Amino acid sequence: MRRPGNGTVPPPGSCAIRGLGDGLDGLGDGDTAAGEGDGEGAALLGAAVVEAAAEPEGVGVGPAPVQPVARANPPAVVPAMSARLVSGAIETACHGSGPRLLRSPTAAGTLRAMLTLDDLRALPKVALHDHLDGGLRPQTVIDHCAANGHTLPTTDPDALRRWFFDAADSGSLVRYLETFAHTVAAMQTAEQLERVAHEFVVDQAEDGVVYAEARWAPAQHLAMGLTLDRAVEAVRDGLASGMRAAAEAGHTIVAQQIVTSLRQDDPTVEIAQLAIDHRDDSVCGFDIAGAEDGFPPSRFEDAFRLLKHDNMFFTIHAGEAFGPPSIWEAVQLCGANRLGHGVRIVEDLGIDGDPVEFGRLAAYVRDARIPLEVAPSSNLQTGIAAEMKDHPIDLLLRLGFNVTVNCDNRLMSDTTMSREYLKLVEAFGWGIDDVRATTVGAMRAAFLPHDQREAIIADIVEPAYAAARSA
Ligand SMILES: [Zn+2]
């Protein structure tokens, strides 16, 4: 159960203790993540069969037990690339019985043939991790950059689409960052932000997305005179008009915005306060993004303290470009409600053994049902694996982690939610129950009031999957 704010801001320096408490609070809250997580966990189990018949019911996905937390587990003593965070914890971290992998019934051949892109487009999906400046239409980039006097590599829409993907896929950080220089340059007036937000919603809805959170860093969009407040209002208006246009086209979608601070910037509470100021006006959360290595989440602990004081949701990019120490800070020091990517939690697993061995941090993240906003194609571009078949997402799902599927940057990865799922179908044999489980899990992890999440699941998601299953 969440505690109401007591009207006082905790004193500086108390974050570590408070963060732990809040982390455990987050467990109840993780009712977002956990109580519902039980439901979510049940959904996962409902969608999967336990491989070993002797497996105790609920292992790995049942009611999340509160594990002894590695309280004295400072990142300073943790090797960045350690396979396990807490040596000696392995034997006890799995509740006395090693977690077995869960297998999709579709993968086991009990349902119909492989899902197609059209199948996936027709199924409701949820996009929690999608950058507004990473999903523009090429023509919009061209139009806005021409108006702003910004030069692009090409002004042919198809060639520009290919350029964005090639640059992001090049393995060069310089080229990758250059892509965002162009998209941010195309989003500098209220009208431009509104159009981009409008198209964000329309494009997601046409792909079958029924709930989406668009994240972006308002401070990057002030070069032509916008204020932070006006910029947020412009995105709000674009999201609203996008929802109206989607409805007119026969699609139901709810879209909100997450405002982001860039972790390589000087830490400030200004953007966190901006999120709070607009929280009932389309802003549903806060995030930090940008360079992870060398810029730990704790740099923004004042912002997170302010957000927690105001009972505001936030997610943190962690476990994408840096490993378990970054995840540990995000979860235990800062109290993140969700993890942006979080895929390098796999480095706290002993995956060579049978059963897979859990470090304390990996066990905590799984058992607290902390949602992982995994973006498969984007993760390949930033180096988690060379090929999709080696991406840890399937392993994490089978081990009972609260896995959600996301695009991250649709333009840079040349993808959509349906295409991301298709890649998982092709690489791992994901079936309709895997798509449903991760969709329901994502919906329950949304920064949306509980009753509204459940209404979307009951009224839109479940009927569509039931109909597809019986088709
Ligand atoms: Zn991201």
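This text leads through the fold from its overall make-up to its central sheet, its helices and a few local backbone features. The model is predicted.

The protein chain contains 17 helices and 12 strands. Of its 471 residues, 53% count as buried. Contacts across long stretches of sequence dominate: among contacts in the chain with a separation of 6 or more, 78% are between residues 24 or more positions apart.

The description may begin with the sheet. Eight strands form an open sheet in the order β3-β4-β5-β6-β7-β8-β11-β12, and their pairing is parallel. The edges are held by β3 (125-131) and β12 (403-405); each has a single partner strand, so one side of each has no neighbour within the sheet. From one strand to the next, the twist averages 25°. As for what holds such an arrangement together, strands of a sheet pair through backbone hydrogen bonds, either parallel or antiparallel.

Within this order, β6 (283-289) offers a useful point of entry. Seven of the seven residues of β6 are buried, so the strand is largely enclosed by the rest of the structure. On one pairing, β6 runs parallel to β5, to which six bridges join it, and Val259 has Phe286 in β6 as its bridge partner. The strands β5 and β6, together with helix α9, make a right-handed β-α-β unit. On another pairing, β6 is joined to β7 in the parallel sense over three bridges, with Ile288 partnered by Ile316 in β7. Here too the unit is of the β-α-β kind and right-handed, with α10 as the helix between β6 and β7.

The sheet continues from β7 (residues 314-318) to β8 (residues 338-341), a parallel pairing over four bridges. The chain passes from β7 through helix α11 (residues 324-333) to β8, in a β-α-β crossover that is right-handed. Two residue pairs illustrate the register: His317 stands opposite Gly340 in β8, and Ala318 has His341 in β8 as its bridge partner. Gly340 also takes part in the next pairing, where its bridge partner in β11 is Glu373. That pairing joins β8 to β11 (residues 372-374) through two bridges, and the strands run parallel.

Several helices can be placed against these strands. Helix α8 (residues 228-248) lies across β4, β5 and β6, and runs at about 155° to β5. Helix α9 (residues 270-277) lies across β5 and β6, running at about 165° to β6. 

Helix α7 (residues 190-206) includes Ala190. Apart from neighbours within four places in sequence, the contacts of Ala190 are Leu226, Arg230 and Ala234. Ala190 and Ala234 are 44 residues apart along the chain, yet their C-alpha atoms are separated by 5.2 Å. Ala190 is nevertheless partly exposed, because 19 other C-beta atoms lie within 10 Å, whereas a buried residue requires 20 or more.

Helix α17 (residues 450-470) invites a check on its length. At 1.5 Å a residue, its 21 residues should span 30 Å, and the end C-alpha atoms are 29 Å apart, which agrees with that expectation. The helix does contain a kink of about 35°, centred on Ile457. Ile457 is also one of the buried residues of α17, together with Arg453, Ile456, Val461 and Tyr465. The elements covering the buried residues of α17 include the strands β4 (209-216) and β5 (254-262) and the helix α16 (432-444).

Some loops carry backbone features worth locating. Ser282, in the loop between α9 and β6, has a positive phi of about 90° although it is not a glycine. Ser282 counts as partly exposed, with 19 C-beta neighbours inside 10 Å. Asn311 lies in the loop between α10 (301-309) and β7, and its phi, near 55°, is likewise a positive value in a residue other than glycine. With 13 other C-beta atoms within 10 Å, Asn311 is partly exposed. Finally, the peptide bond from Asp354 to Pro355 is cis, with omega near 10°; Pro355 is in the loop between β9 (349-350) and β10 (357-358).

Key. Residues are numbered from 1 along each chain as its sequence is written. This is a predicted model: local features need pLDDT of at least 70, side-chain atom pairs count only at pLDDT 80 or more; totals for chains, interfaces and linings use all residues. Two strands pair if DSSP finds at least two bridges between them. A crossover is right-handed if, with the strands pointing away from the viewer, the path from the first strand over the helix to the second runs clockwise. The expected span of a helix is 1.5 Å times one less than its number of residues. The bend at a residue is the angle between axes fitted to the seven residues ending there and the seven starting there. A residue is buried if 20 or more other C-beta atoms lie within 10 Å of its own, exposed if 12 or fewer, and partly exposed in between; C-beta atoms are placed from the backbone. Two residues are in contact if their C-beta atoms, placed from the backbone, lie within 7 Å. Axes are lines fitted to C-alpha atoms, for helices over the stretch in contact, and angles run from 0 to 180 degrees between N-to-C directions.
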